[in-house]
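Visitor: I am new to this structure. Please take one part and walk me through it closely.

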Amino acid sequence: MDLKAGSLAWPVTLEQISAYPPISQDEQCDIVVIGGGMSGALTAYELSRQGYRTIVVDKRRIGTGSTCANTGLLQFCNDKMLTACIHTFGQESGVRFYTLCKQAVQRLFDIRQDLITDPELYERSSLYYASTEDDVPILEQEFNTLSHYGFPVEWWVKEKIQHHFGFTKPAALVTHGDAEVNPFRMVHALLETSVAKYNLRIFEHTRILRHQSEKPNEIMLYTDQGHHIKARHAVFATGYETQEMKRDRNAVMESTYAIVTKPIPDLEQLWHKRMFIWETARPYLYMRTTPDNRIVAGGLDENTTIIEERNRMLPNKSKQLVQEIEQLFPASAPIEAEYAWTALFGSTHDGYPMIGPHPKYPNCTFVEVYGGNGTVYSSIAASMIIDLVENGTHPDADLFTFQRSNHPSPPH
């Protein structure tokens with residue numbers, strides 16, 4: 001599957017990139033994690049840290065799938081508002097989901113203390129503005145819902161937005177306790193730490209061709225090098241490519257676009273507290289800064305998965321993203337995109353990720369953290385993984401089960 005195209009910003013931020021060999025003999029372990037992106041790295045870190053003999057395999061190099069296209073915004077708010085989650089799933093489920101997201105961001109900060117490489121993980125707040133006057137009532141309702149359930153949020157009127165940012169929007173809610181991360185550095189930091197401290201083993205350029213599980217607590221995975229891995233359990237953290245293995249009716253695939261600008265002098269003075277910026281319009285525009293004073297901007301999603309269409313639109317989408325930045329921050333102009341890419345983007349019809357076992361695949365757990373908050377969902381999945389492996393369930397498993405029945409059916 002062609003996951004992304006264009007010039008990618010994150011790999012050049014890591015001077016020395018660890019390399020791992022392809023598999024060269026039959027192997028045995030407790031847990032094998034297929035996929036060396038963000039979800040696989042967090043899962044492997046948690047498993048190996050708890051003493052499980054863990055192997056990670058990736059058909060590419062580590063972190064070079066969708067992780068390279070991840071723009072590194074970590075928020076407890078989601079594309080689906082808390083109010084909408086409550087309407088769809090009920091109060092208990094909606095509030096629990098948002099609580100898990102907030103805890104997941106904090107868990108990443110706890111993990112950072114253990115890492116041997118700096119992942120460039122920093123706490124940030126988010127400005128979520130109403131794109132039009134018509135969006136103010138629904139945004140204010142969301143502010144009231146978040147406040148009611150104790151989430152750290154403020155309501156900003158037009159004048160306050162203009163005072164702090166210089167641009168004018170009808171209203172905004174500001175959330176606290178979010179974060180930004182360099183996703184490529186984070187994945188390598190997680191895996192390097194797991195190798196150095198917790199005996200994780202990693203094999204790059206190793207494709208799993210097939211697997212079979214005919215006994216309880218045993219699965220055999222066969223590689224393209226002619227070797228096999230025998231394990232108690234397999235965790236498939238293969239991102240959007242999981243849809244090539246099994247189609248999920250709840251999955252939605254689109255294309256998205258992003259740029260990273262050249263460094264901008266005095267960005268600190270232009271951009272209030274380096275907050276994230278996003279909006280109520282759909283598809284929405286979002287922006288963040290980087291430690292070296294660049295702007296990351298993304299969005300302008302298109303409802304296509306045709307590679308040629310997606311790639312053909314990249315130059316124009318890149319120009320549009322530059323124009324969006326210049327409209328908000330005219331004093332920063334001229335803006336120039338140094339990196340620009342397009343990528344496959346997955347979400348779900350009902351707004352929750354999919355995490356857990358699947359009835360057709362014994363001794364397997366699937367981590368399908370689809371949605372605009374994928375790294376946060378990966379952190380949730382990693383916190384659940386030991387219970388899912390050992391017991392096939394978790395106290396929060398029903399939120400993310402593949403068998404949940406209350407998501408809308410996809411259009412025919």
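Guide: A crossing is left-handed if the near helix is turned anticlockwise from the far one by less than a right angle, and right-handed if clockwise. Keep that in mind for helix α1. This is a predicted model.

Start with the helix pair. Helix α1 covers residues 38-49, and helix α3 covers residues 91-112. They pack at an angle of about 60°. Their axes lie 13 Å apart. Angles of 65 to 115 degrees count as roughly perpendicular and those under 35 as roughly parallel, so α1 is oblique to α3. The crossing of α1 past α3 is left-handed.

Which residues make the contact? From α1 come Leu42, Tyr45, Glu46 and Arg49. From α3 come Arg107, Leu108 and Ile111. Sorted by class, four of the contact residues are nonpolar, three are charged and none is polar.

Stay on α3 for a moment. Ser93 belongs to this helix. Is Ser93 buried or exposed? Its relative accessible area is 15%. Buried means under 20%, so Ser93 is buried. Leaving aside residues up to four places away in sequence, Ser93 touches Tyr352 and Leu399.

Now turn to the sheet beside α1. It is an open sheet of six strands with mixed pairing. The order is β9-β4-β3-β13-β20-β19. Strands β9 (201-203) and β19 (354-358) form the edges, and each pairs on one side only. From one strand to the next, the twist averages 20°. At the β9 edge, strand β4 (residues 54-57) runs parallel to β9, joined by three bridges. There, Val57 has Phe203 of β9 as its bridge partner.

Where does α1 meet this sheet? Helix α1 packs on it and touches β3 (31-34), β4, β13 (233-236) and β20 (361-368). The direction of α1 makes about 165° with that of β3. So α1 has two partners to remember: α3 on one account, and the sheet on the other.

One more stop: strand β17, residues 295-302. Six of its eight residues are buried. Strand β14 (residues 251-261) pairs with β17 in the antiparallel sense over five bridges. In that stretch of β17, Gly299 is the bridge partner of Tyr257. Strand β16 (residues 286-289) also pairs with β17 in the antiparallel sense, over four bridges. Met287 stands opposite Ala297 of β17. Together β16 and β17 form a hairpin, with five residues between them. In the turn, Asn293 has a positive phi of about 65°.

How values were computed. Residues numbered from 1 in each chain as written. Predicted model: local features only at pLDDT ≥ 70, side-chain atom pairs only at ≥ 80, totals over all residues. Heavy atoms only, no water. Axes fitted to C-alpha atoms, helices over the stretch in contact; angles between N-to-C directions. Helix = DSSP H or I, 4+ residues; strand = E, 2+ residues; numbered from the N terminus. Parallel < 35°, antiparallel > 145°, perpendicular 65-115°, else oblique. Contact = heavy atoms within 4.5 Å. Nonpolar A, V, L, I, M, F, W, Y, C, P; charged D, E, K, R; others polar. Buried < 20%, exposed > 50% of the residue type's maximum accessible area, 1.4 Å probe, protein only. Pairing = 2+ DSSP bridges.
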